[in-house]
Amino acid sequence: MRPIMLACALGALLLANPAAAVPGVDEPDTVKVNAIRNPEIHTYKAVLAGLDSFDQHHALAPNVPELRFRIRPRGGAGLPEQPRVRIEGDHDFVLPLDLDAANRFSVPRSEAAEHENGEVVLNQKRKLYRIHPDVRTPGLPANVRRLGDLRLECKTMIAIAKEEIPLFWVVAINGLLLTRDWCNFTHKKAMPDWGFDSDAPIVGAILQEGKRSKLLTTSGDRFSVALGDMSWGDDALVELEFAPAPTN
């Protein structure tokens, strides 16, 4: 979703979900927040905002050494060729970035890239891909995500989005949500659920911490979790059940 659509979606969220303010009978209300499903990173200035947010909130995921970004294809299709990513700017400025086997990359701080109005560029058509922050504590299995990692990923993603949308939208949404922390806002008694991508289609997801567990909503390769529910600590884990591989 383009940044301006992100703003519209978040801004309209509370108005579009009046029922979310009505308490549930057996379980707390949730507000689905999928407005950042397809974020796009364009400017190096926005990436710097993400790096700053990562540093500011690093305590959420202290064992993650650096902020990385990941390239994902849209619509479930694979990328048509080996992707390459770099920062391009004015006056023929070019800074290649290294991709790992999972199409993840880090972005260095560069005064030259900032001065030359750099942009993150991929050698694919924009309609075929999206780029987003990827925060993962080392050592966890592929089907396990740590809640603090997801919280930091959200804060980083929102910092990038705020840098790319007009200031009046940021101010308007801050006022509508009654907070500058979009990842943790609540609407009366409703707790927002944020959607995240998994590495493969999933058929189930469970949030676990100690003896507690909670079944999460899933759809395709997405799962949703209430980041602002502080009754769950940052070390709580989301265990994903991947769908069986198709057989020929």
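This is a conversation about salt bridges and exposure in a predicted model.

Visitor: What makes the pair Lys 45 and Glu 163 a salt bridge?

Guide: The closest N and O atoms of Lys 45 and Glu 163 are 3.6 Å apart, and a salt bridge asks for a side-chain nitrogen of Lys or Arg within 4 Å of a carboxyl oxygen of Asp or Glu, so the pair qualifies. Lys 45 lies in helix α2 and Glu 163 in helix α4, so this pair ties together parts that are 118 residues apart in sequence.

Visitor: Why is Lys 45 called exposed, and why is Glu 163 called partly exposed?

Guide: Lys 45 has a relative accessible area of 54%, and exposed means over 50%, so the word fits Lys 45. Glu 163 has a relative accessibility of 34%, which falls between the cut-offs of 20% for buried and 50% for exposed, and therefore Glu 163 counts as partly exposed.

Visitor: How do you know that Arg 68 and Asp 100 meet in a salt bridge?

Guide: Their side chains come to 3.4 Å, N to O, and the limit is 4 Å, so the pair passes the test. Arg 68 lies in strand β2, whereas Asp 100 lies in the loop between β4 and β5, so the pair ties together parts that are 32 residues apart in sequence.

Visitor: Why is Arg 68 not called buried?

Guide: Buried means under 20% relative accessible area, and Arg 68 stands at 22%, so Arg 68 counts as partly exposed.

Note on methods
Residues numbered from 1 in each chain as written. Predicted model: local features only at pLDDT ≥ 70, side-chain atom pairs only at ≥ 80, totals over all residues. Heavy atoms only, no water. Helix = DSSP H or I, 4+ residues; strand = E, 2+ residues; numbered from the N terminus. Buried < 20%, exposed > 50% of the residue type's maximum accessible area, 1.4 Å probe, protein only.
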